[in-house]
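Subject: A structure for you to look at

Hi there,

Here is the structure I promised to send you. Have a look at it first, and then read on for what I found in it.

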Amino acid sequence: QVQLVESGGGLVQPGGSLRLSCAASGSISAIYAMGWYRQAPGKQRDLAARITSDGTTNYADSVKGRFTISRDNAKNTVYLQMNSLKPEDTAVYYCYVFCRPTGYSTSRNYWGQGTQVTVSS
């Protein structure tokens, strides 16, 4: 099966920066996309950023120009550099990978356990 391990969350002041990391492990034949969703208290989980296997990126409008997603294909790892953080960025950030496990003919999403990001003075 596929496992995701996230790191990098924490408490930061407004205007500060954080970098999230997420490493996928297990028997994976192909990774098609990796990314981050986030869920604030009382709200639904929404896409923050994603990157496909060919390097195409998508961002939520609210994070464009402040967040940068990148990927190390050799390590099956995705990063989210978050700059100019705002209190409204406070949420649990969930990493996901859309991939095809070895021995399977279909692909699906796998999720990390989530990491808390709190932006507060």
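Before we start, one term: a residue counts as buried when its relative accessible area is under 20%. Please also keep in mind that this is a predicted model.

With that cut-off in hand, take C95. Its relative accessible area is 0%, so C95 is buried. C22 is buried too, again with a relative accessible area of 0%. These two cysteines belong together: C22 and C95 form a disulfide, with their sulfur atoms 2.0 Å apart. In case the word is new to you, a disulfide is a covalent bond between the sulfur atoms of two cysteines. The structure holds one disulfide, and the link of C22 and C95 is left-handed, with -80 degrees about the S-S bond. C22 lies in strand β3 and C95 in strand β9 (residues 91–101), so the pair ties together parts that are 73 residues apart in sequence.

Why does C99 not form a bond with C95? The cysteine sulfur closest to that of C99 is the one in C95, but it is 11 Å away, which is too far for a bond. C99 is buried as well, with a relative accessible area of 0%.

Now step back and look at the whole chain. How many helices and strands does the chain have? The count is zero helices and 11 strands. For a compact globule of 121 residues, one would expect a radius of gyration near 14 Å, and the chain agrees because its own value is 14 Å. Along the principal axes, the C-alpha atoms fill a box of roughly 50 × 25 × 20 Å. Of the 121 residues, 39% count as buried. If you take the contacts between residues at least 6 apart in sequence, 57% of them join residues at least 24 apart.

Next, follow strand β3 (residues 18–26), which has a partner in β1 and another in β8. With β1 (residues 2–7), β3 runs antiparallel, and six bridges join the two. One pair to find on screen is Q3 and its bridge partner in β3, S25. With β8 (residues 77–82), β3 also pairs in the antiparallel sense, over six bridges. Here you can look for L20 and its bridge partner in β8, L80.

G26 is also in β3. Is G26 buried or exposed, or something in between? At 45% relative accessibility, G26 counts as partly exposed. G26 and Q1 are 25 residues apart in sequence, yet their C-alpha atoms are 5.6 Å apart in space. Leaving out residues up to four places away in sequence, G26 touches Q1 and Q3.

Then there is the inside. The largest nonpolar core has 29 residues, and the ones that touch the most other members are W36, V78, L80, M82, Y93 and V97. The elements that give two or more residues to this core are β1, β3, β4 (28–39), β5 (46–52), β7, β8, β9 and β11 (115–119). Which element gives the most to this core? That is β9, with five residues. V78 is a good one to click on: beyond residues up to four places away in sequence, V78 touches L20, S21, C22, M34, W36, I51, I69, S70, R71 and C95. Both cysteines of the disulfide are in that list.

Finally, two arginines. R38 sits in strand β4 and is buried, with a relative accessible area of 14%. The side chains of R38 and S62 are joined by a polar contact of 3.1 Å. Apart from neighbours within four places in sequence, R38 is in contact with several residues, among them Q44, D46, F67, D89 and Y93.

R66 is found in the loop between β6 (57–59) and β7 (67–72). R66 is buried, because its relative accessible area is 10%. Its side chain reaches the backbone oxygen of S84 at 3.0 Å. Beyond its neighbours within four places in sequence, R66 is in contact with Q81, M82, N83, S84, L85, K86 and D89. So D89 is in contact with R66 and with R38.

Enjoy exploring!

Best wishes

How values were computed: Residues are numbered from 1 along each chain as its sequence is written. This is a predicted model: local features need pLDDT of at least 70, side-chain atom pairs count only at pLDDT 80 or more; totals for chains, interfaces and linings use all residues. Side-chain values use heavy atoms; hydrogens and water are left out. Helices (H or I, at least four residues) and strands (E, at least two) are DSSP runs, numbered from the N terminus. Buried means under 20% relative accessible area, exposed over 50%, partly exposed in between (1.4 Å probe, protein chains only). A polar contact is a pair of N or O atoms within 3.5 Å; within protein, one must be able to donate a hydrogen and the other to accept it, and residues adjacent in sequence count only if both atoms are side-chain atoms. Contact means heavy atoms within 4.5 Å. Two strands pair if DSSP finds at least two bridges between them. A disulfide is a pair of cysteine sulfur atoms within 2.5 Å. A nonpolar core is a set of buried Ala, Val, Leu, Ile, Met, Phe, Trp, Tyr and Cys residues joined through side-chain atoms within 4.5 Å. The radius of gyration is taken over C-alpha atoms; the globule rule is 2.2 Å times the number of residues to the power 0.38.
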